[in-house]
Amino acid sequence: MPVKTDSTTPAAPRRRGRPPRIDADGIVAAALDLGLHSFSLDDIADRLGVSTPALYRHVDGRDDIVRRAALAVILDLEPELAGRHRWDDWLRAWASGIRDRLGAVGEEVLEAVRTQVGSDALRIADHGLRLLTDAGLVPADAAYTLWLALRVACTAGPATEPSVTGPLALVERETPPSSTMADAIESVAVVGGTDSWRFDLDVLVAGIESRLDC
């Protein structure tokens with residue numbers, strides 16, 4: 001005979017759903033969405049619907065996330081770089097792509113590259129090395145060229161913040177009206193050159209061309 005129950009009988013406990021599934025790639029994607037210069041681990045955890053400690057099962061912390069994100073961004077450049085067959089075109093695309101995407105965390109990216117570089121990123125760099133050596137550079141100079149381009153890109157600052165705006169404002173406050181420096185400031189203002197990035201790249205490429213002509 002079935003057991004009769006009344007309305008006061010406690011209901012069976014509801015089964016909890018599975019916790020959100022996360023992995024290192026998802027964490028990196030969240031960091032890129034939030035902005036590499038401003039994200040926090042708490043922000044990522046909130047975005048993914050997990051606790052902050054849960055992230056540490058997949059990454060070692062903020063520096064590790066920035067390193068992984070930097071390598072992911074470099075890999076994203078591969079299709080564009082693979083289609084470049086002149087060393088100067090490749091070098092400009094390499095440096096500009098890194099500056100545009102990673103300039104806001106350039107110093108962290110340099111540290112990441114110094115400590116750990118993935119084989120995929122090396123494969124992309126190998127294409128640039130071959131273009132430079134085919135043009136006439138010895139292998140050591142070709143390697144120095146890629147490292148120089150990376151350093152220039154990472155120290156130029158974010159593309160959204162023109163590189164010489166801050167220094168110009170400082171010099172304008174401290175420089176007498178009649179001086180060579182004042183003339184230089186006025187000239188920069190006339191051409192609207194608050195971002196020296198194009199100049200930086202032109203000098204870099206011209207320097208390599210001069211070595212090829214030797």
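**Briefing: an all-helix predicted chain**

The chain has a mean pLDDT of 81, and 77% of its residues reach 70 or more; pLDDT is the predictor's confidence in each residue, from 0 to 100. Residues 1-9 have pLDDT below 50, and this stretch makes 0 contacts in the model beyond near neighbours in sequence; contact means heavy atoms within 4.5 Å. Residues 11-15 also fall below 50, again with 0 contacts beyond near neighbours in sequence. Where pLDDT is low, the predicted coordinates should not be read in detail.

This is a predicted model: local features need pLDDT of at least 70, side-chain atom pairs count only at pLDDT 80 or more, and totals for chains, interfaces and linings use all residues. Residues are numbered from 1 along each chain as its sequence is written, and side-chain values use heavy atoms, with hydrogens and water left out.

**Fold**

- The chain holds 12 helices and 0 strands; these are DSSP runs, numbered from the N terminus, with helices being H or I of at least four residues and strands E of at least two.
- From the N terminus, the element order is α-α-α-α-α-α-α-α-α-α-α-α.
- Of the 214 residues, 36% count as buried. Buried means under 20% relative accessible area, exposed over 50%, and partly exposed in between (1.4 Å probe, protein chains only).
- Among contacts with a separation of 6 or more, 71% join residues 24 or more positions apart.

**Nonpolar core**

- The largest nonpolar core has 55 residues, and Leu 91 and Trp 94 have the most contacts inside it. Such a core is a set of buried Ala, Val, Leu, Ile, Met, Phe, Trp, Tyr and Cys residues joined through side-chain atoms within 4.5 Å.
- Helix α6 (residues 87-102) gives the largest share of this core, 8 residues.
- Leaving aside neighbours within four places in sequence, Trp 94 contacts Ile 74, Leu 77, Leu 81, Ile 124, Leu 146, Ala 149 and Leu 150.
- Trp 94 is buried, at 6% relative accessibility.

**Rings**

- The count is 1 aromatic pair. Rings of Phe, Tyr and Trp (its six-membered ring) pair if their centres lie within 6.5 Å; planes under 30 degrees apart count as stacked, over 60 as edge-to-face and the rest as tilted.
- Trp 90 and Trp 94 have ring centres 5.3 Å apart and planes at 15°, so the pair is stacked.
- These two residues are 4 apart in helix α6, so about one helical turn separates Trp 90 from Trp 94.
- Trp 90 is buried, with 1% relative accessible area.
- Arg 62 lies over the face of Phe 39, 4.2 Å from the ring centre. The rule asks for NZ of Lys or CZ of Arg within 6 Å of the ring centre and within 35 degrees of the ring normal.

**Salt bridges**

- The whole structure has 10 salt bridges, each a side-chain nitrogen of Lys or Arg within 4 Å of a carboxyl oxygen of Asp or Glu.
- Arg 123 bridges to Glu 78, with the closest N and O atoms 2.8 Å apart. This pair links distant parts of the chain: Arg 123 is in helix α8 (residues 119-135) and Glu 78 in helix α5 (residues 78-82), 45 residues apart.
- Arg 123 is partly exposed at 40% relative accessible area, and Glu 78 is partly exposed at 26%.
- Arg 84 meets Glu 80 at 3.1 Å, N to O. Arg 84 is partly exposed at 28% relative accessibility, as is Glu 80 at 37%.
- Arg 86 meets Asp 89 at 3.9 Å, N to O. Asp 89 is partly exposed at 29% relative accessibility.
- Asp 64, Arg 67 and Arg 68 form one network through salt bridges that share partners.
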